[in-house]
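Student: I would like a close look at a single part of this model, with the cut-offs behind each term spelled out as we go.

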Amino acid sequence: MLRLLTRDLRLAMRAGGGFGLGLAFFLLVAVLVPLGVGPEGVVLAKIAPGILWVGALLACLLSLDRIFALDFEDGSLDLLATSPMPLEGVVAVKSLAHWLVTGLPLTLVAPVLGVLLNLPVAGYGWLVVSLALGTPALSVIGAFGAALVVGVKRGGLLLSLLVLPLYVPTLIFGAEVVKRGAAGLAVGTPLLLMAGITLGAAALLPFASAAALRVNLR
Amino acid sequence: MSIWEYANPKKFMQTSAAVLPWLAGLSALCVAVGLVWGFFLTPDDYRQGSTVKIIYLHVPSAMMAINAWAMMLVTSLIWLVRRHHVSALAAKAAAPVGLTFTVIALVTGAFWGQPMWGTWWAWDPRLTSFLILTLFYLGYIALWQAVENPDTAADLTAVLCIVGSVFAGLSRYAVLFWNQGLHQGASLSLDKEENVADVFWVPLVVCIAGFVLLFLTLVLVRTRTEVRARRLAALLARERLA
């Protein structure tokens, strides 16, 4: 499993692609929004939590189809499926690798972009916490979507249509945490609910994803 | 004699052919009686005027929009567990019907909301969760369209339906988080003495019964079409081999 993780990470680093792309997209969103909305600090501070979360979510979406598509095309997914490791484990490791190259960097740069969007000081800590707890769910759910469409040619748009509604609860709770944190309110409830979604998704969804992969590899 | 007999396509086609005219007639009758009664023979509400009558379309279609997804969930589970093709085809047939009901509920709601709330749309929990339900229906139908092998498509959409149900439920409770919103609570429930004044209530129940029957009729017709399409594909494949 560790081997697979390092292999995926190395591929992601060397092929370029997803790693920098998601970050660049996130940066662009954070730069474009003030240009479109106008530079008033009060307005920006109000929409910053939502914009940052939506930006992170879309940046995550960009690289989803790479989770399985390349391995499916060159046949290494078949090898992984016949290997002694359960397919559920393969899915979990690949989701983890996806999170390490997209979710984690997004979480780390988010405070910098928060400055651009004039996020109130109290919000930074909660922004990092909520992204750190929420983006794993985005990767796991995204891996499920990617497993569904892996056999479809040019499934990118379909993938977004399938995955976006599944992202709704995570987005709502995640943005709510930052919003409340920035306003200095208690954040316990949405934070716990979001962590619950992440844990539940990480525990159960790999089984659904593996089932979908088995169907697609049949 | 068990319910699984109807999983046999031949038996299903025979039974549904016999039932269908009755079902269609009854649903046409119920919908016509319920709508005419509701639209023309009930008094106007003293504050809402005649806009209150949108309820006869809005409530039944909203109920069926959710129930259609529940039916798809059940048939998807049956397909995954027992591999009955009719079950998978019924789920496929129900999706566009459910989507239509969802859209009807949203549009009639907008027509009612415009004069009453002064807005076509509000990000109210109920409205938002219906919009999300629409997206789930769209994704489900798109996945059926995109996958070529019918068995693969049936498997994938069944898995999507199960996972989607969980997340649709989560979204329903997540949007409650904002506030109670504009939409009133449920007007109908079984444990109350009187829900709405009887003059409005009786035609509404007739309408709901009509929409349930209408849904069953449409799903049966569409499932029969799917079964026939499947047979046709099999015939064509056989001719190509010969």
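What follows is a request about one helix, and then one connected answer.

Student: Please take helix α8 of chain A: how many of its residues are buried, where does it bend, and how many residues does it give to the side of chain A that touches chain B?

Tutor: Some conventions come before the helix itself. Residues are numbered from 1 along each chain as its sequence is written, while chains are lettered from A and ligands numbered from 1 in the order in which they are written. The model is predicted, and local features need pLDDT of at least 70, side-chain atom pairs count only at pLDDT 80 or more, and totals for chains, interfaces and linings use all residues.

Confidence is the background for everything else. Chain A averages a pLDDT of 86, with 97% of its residues scoring at least 70, where pLDDT is the predictor's confidence in each residue, from 0 to 100. Within chain A, the lowest mean is 75, in helix α1 (residues 2-14), and the highest is 92, in helix α7 (residues 123-149). Chain B also has a mean pLDDT of 86, and 89% of its residues reach 70 or more. For the model, the scores are ipTM 0.85 and pTM 0.88.

The setting of α8(A) is a chain with 9 helices and 0 strands; helices (H or I, at least four residues) and strands (E, at least two) are DSSP runs, numbered from the N terminus. The radius of gyration of chain A is 18 Å, close to the 17 Å that the globule rule gives for 218 residues, so chain A is as compact as a globular protein of that length; this radius is taken over C-alpha atoms, and the rule is 2.2 Å times the number of residues to the power 0.38. Along the principal axes, the C-alpha atoms of chain A fill a box of roughly 55 × 35 × 30 Å.

Now to the helix. In α8(A), 23 of the 27 residues are buried, so the helix is mostly covered, a residue being buried if 20 or more other C-beta atoms lie within 10 Å of its own, exposed if 12 or fewer, and partly exposed in between, with C-beta atoms placed from the backbone. For chain A as a whole, buried residues make up 52% of the 218. The helix bends by about 40 degrees at Tyr167(A), the bend being the angle between axes fitted to the seven residues ending there and the seven starting there. A proline, Pro169(A), follows within four residues of that bend. After α8(A) comes Gly184(A), whose phi is positive, near 80 degrees.

The helix also takes part in the contact between the chains, to which chain A brings 24 residues and chain B brings 21; two residues are in contact if their C-beta atoms, placed from the backbone, lie within 7 Å. On the side of chain A that touches chain B, α7, α8 (156-182) and α9 (188-217) each supply at least two residues, and α8(A) gives the most, with 11. The residues on that side divide into 19 nonpolar, 3 polar and 2 charged, where Ala, Val, Leu, Ile, Met, Phe, Trp, Tyr, Cys and Pro count as nonpolar, Asp, Glu, Lys and Arg as charged, and the others, Gly among them, as polar.

The largest nonpolar core has 137 residues, and those with the most contacts inside it are Leu52(A), Ala56(A), Ile141(A) and Ala147(A). The largest share of this core, 15 residues, comes from α8(A). Such a core is a set of buried Ala, Val, Leu, Ile, Met, Phe, Trp, Tyr and Cys residues joined through C-beta atoms within 7 Å. Around Ala56(A), leaving out residues up to four places away in sequence, the residues touched are Phe26(A), Leu106(A), Ala110(A), Leu131(A) and Thr135(A).

For contrast with the covered helix, consider Asn118(A), which lies in the loop between α6 (87-116) and α7 of chain A. Asn118(A) counts as partly exposed, because it has 17 C-beta neighbours inside 10 Å, and its phi is positive, about 60 degrees, although it is not a glycine.
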